[in-house]
Amino acid sequence: MLDTDMDALQEFALVFLEISALLLIFTLGVGLLVVLYMYLADITQTKQAIRRNYPVIGRFRYFFEHIGEFFRQYFFALDREELPFNRAQRSWVYRAAKNIDSTVAFGSTRPLNQPGDIIFLNCLFPTLTEDATAPRAVTIGERYARQPYTTESLFNISGMSFGALSVPAVQALSRGAKKAGIWMNTGEGALSPYHLEGGCDLVFQIGTAKYGVRDSEGRLCDERLRQVANHAQVKMFEIKMSQGAKPGKGGILPGGKVTPLIASTRGIPEGQDSISPNGHPEIRCLDDLLDMIVRIREVTGKPVGFKAVIGGYGWLDELFTLIHRRGLQDAPDFITIDSADGGTGAAPQSLIDFMGLPIKCSLPLVVDKLIEYNLRERIKVICSGKLINPSDVAWALCAGADFVTSARGFMFALGCIQALQCNKNTCPTGITTHDPDLQRGLDPTDKSERVYHFATNLSYEVGVIAHSCGVKEPRQLKRYHAQIINEHGIPEPMEELFPVPVPKPEYTVATEQPVARESRA
């Protein structure tokens, strides 16, 4: 019996070795054929000199170039040197989103002498916990919109369109925003059922292509506007004039991401690149802009504002003068200021790197112009652009913002690893892809909790900064609560770098009455 078992075992071993040898020979043969194919392909192609001169091994150059960004991110970059967001910034968001301890020990790793950095001024007698209050509620469109919008939220979700984002990403953001009591901007990709299903407040963004509110010829349709406004969750409308990462360029959604669902939601052909115009054909001057704001507010009954990147800013004086001439009822209810270092799913590098003013310059500029023209109470200010940590939001409040919005901060809360794949259909975390296999990794139920925790923990820590400065709630932060480090590494008072102006005497009393429309021709 034992001999029989040994014979069987030996026979099995021999068969196994024979099969293994055959597989090895087969694998080597296939490998040689692949190498031969690559060799022939490389020496005959004319597009890449490295591959032509160094066939086969030259391919490793492109492979290393591709994986280099991941090695830099995880192994070589220091905590505070990576771009667009460094590890310290992202790590805080990840911890806040997971609702785990975000305290650190021993001392700060942040240099305190880098030009442009912010330092807040603590008070000798900080606000006690029992004296602290919730953020003051702000009403947008009061007296001018039939349905003004009132909210206490400080930090909200900026515009990210359905199409640029996946279905589970939109679901998670909508549910998390509802639980956190914040609003969610739809982005220019129209209103989808997934925005509505979470029950959160929504800001409907009207882009240059008018997705979701366009007629058959691509023009703004009043009836479709009414249909969107009939959703009680839609609280405001935002006209997108320009976007931080690509001012002067319309939205870009590659054809690979225009699925049947996206196509039907936007009202565009399936599988074709969705390229928005680089401007609104109907808005070619400031009067046109105000006319459009009035039209949308009259049709919807809800507050209306516009979003823009500040570059050349002479038009601000012209706009605010025009508002006084026409009357405050024609003014936007809010202005959203986007930063030159804002984010995008796809844009030309020449615009991402070199176009527009950063928010640290543009926010104080716009706030001061509103004060100068006595429009600060009439027009609320929302700002966005690379503001993802409590210190960012506290600075914006000091500068004069009413609200802060973030897109990439909430993407990090969803699990974004800054893989820089947004413009492709290959996002490894399922956030910006429509590949079902990749989307499977994003569980909307779990990620909505992270969205909720990120928003609430950030708002809490903004409150901590405010209380350390001696005020009871974040919206009481002023410019004298912060200093900005100059080029010599010395902090300078923010109120001296950006002194609050005095309103112009001629605008101390603003008119409610418009001039006749004929006189504006």
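Is Met-6 buried, partly exposed or exposed? In this structure, which is a predicted model, Met-6 is partly exposed, because its relative accessible area is 41%, a value that falls between the 20% under which a residue counts as buried and the 50% over which a residue counts as exposed. Met-6 belongs to helix H1, which covers residues 2-44, and together with Leu-9, Phe-12, Phe-16 and Leu-17 this methionine makes a nonpolar surface patch of about 560 Å².

**Helices**

A different picture is given by helix H13, which consists of residues 390-399 and is mostly covered, since 9 of its 10 residues are buried. Among these buried residues are Pro-390, Asp-392, Trp-395 and Cys-398, and the list also includes Val-393, Ala-394, Ala-396, Leu-397 and Ala-399. Just after H13 comes Gly-400, which takes a positive phi of about 125°.

Two other helices can be described by the way they pack on each other: helix H5, made of residues 167-180, and helix H16, made of residues 444-468, have axes 7 Å apart and meet at an angle of about 45°. That angle makes H5 oblique to H16, and the crossing of H5 and H16 is right-handed.

**Positive phi in loops**

A positive phi also appears in Asn-99, where the angle is about 60° although the residue is not a glycine. Asn-99 sits in the loop that runs between helix H4 (87-98) and strand E1 (118-120), and Asn-99 counts as partly exposed because its relative accessibility is 43%. Arg-143, likewise a residue other than glycine, has a positive phi near 80°. The loop that holds Arg-143 lies between strand E2 (138-140) and strand E3 (149-151), and at 67% relative accessibility Arg-143 counts as exposed, given that the cut-off for this word is over 50%.

**Salt bridges**

How many salt bridges does the structure hold? There are 24 salt bridges in the structure, and the table lists some of them with the distance between their closest N and O atoms.

| Acidic residue | Basic residue | Closest N and O atoms |
|---|---|---|
| Glu-197 | Arg-175 | 2.9 Å |
| Asp-215 | Arg-219 | 3.3 Å |
| Asp-338 | Lys-307 | 3.6 Å |

The salt bridge between Glu-197 and Arg-175 links distant parts of the chain, for Glu-197 is in helix H6 (residues 193-197) while Arg-175 is in helix H5, and the two are 22 residues apart. Glu-197 counts as partly exposed because its relative accessibility is 39%, and Arg-175, with a relative accessible area of 30%, is partly exposed too.

In the salt bridge of Asp-215 with Arg-219, Asp-215 has a relative accessibility of 23% and therefore counts as partly exposed, while Arg-219, at 45% relative accessibility, also counts as partly exposed.

The salt bridge of Asp-338 with Lys-307 again links distant parts of the chain, with Asp-338 in strand E11 (residues 334-338) and Lys-307 in strand E10 (residues 304-309), 31 residues apart. Are these two partners, Asp-338 and Lys-307, buried or exposed? Both Asp-338 and Lys-307 are buried. Elsewhere, salt bridges that share partners join Asp-287, Asp-291, Arg-326 and Asp-330 into one network.

Key:
Residues numbered from 1 in each chain as written. Predicted model: local features only at pLDDT ≥ 70, side-chain atom pairs only at ≥ 80, totals over all residues. Heavy atoms only, no water. Patch = residues over 30% accessible without salt bridge, like charges linked within 9 Å, V, L, I, M, F, W, Y side chains within 5 Å. Areas by Shrake-Rupley, 256 points an atom, 1.4 Å probe, with all protein chains shown as cover. Salt bridge = Lys/Arg side-chain N within 4 Å of Asp/Glu carboxyl O. Helix = DSSP H or I, 4+ residues; strand = E, 2+ residues; numbered from the N terminus. Buried < 20%, exposed > 50% of the residue type's maximum accessible area, 1.4 Å probe, protein only. Axes fitted to C-alpha atoms, helices over the stretch in contact; angles between N-to-C directions. Parallel < 35°, antiparallel > 145°, perpendicular 65-115°, else oblique. Left-handed = near helix turned anticlockwise from the far one by under 90°.
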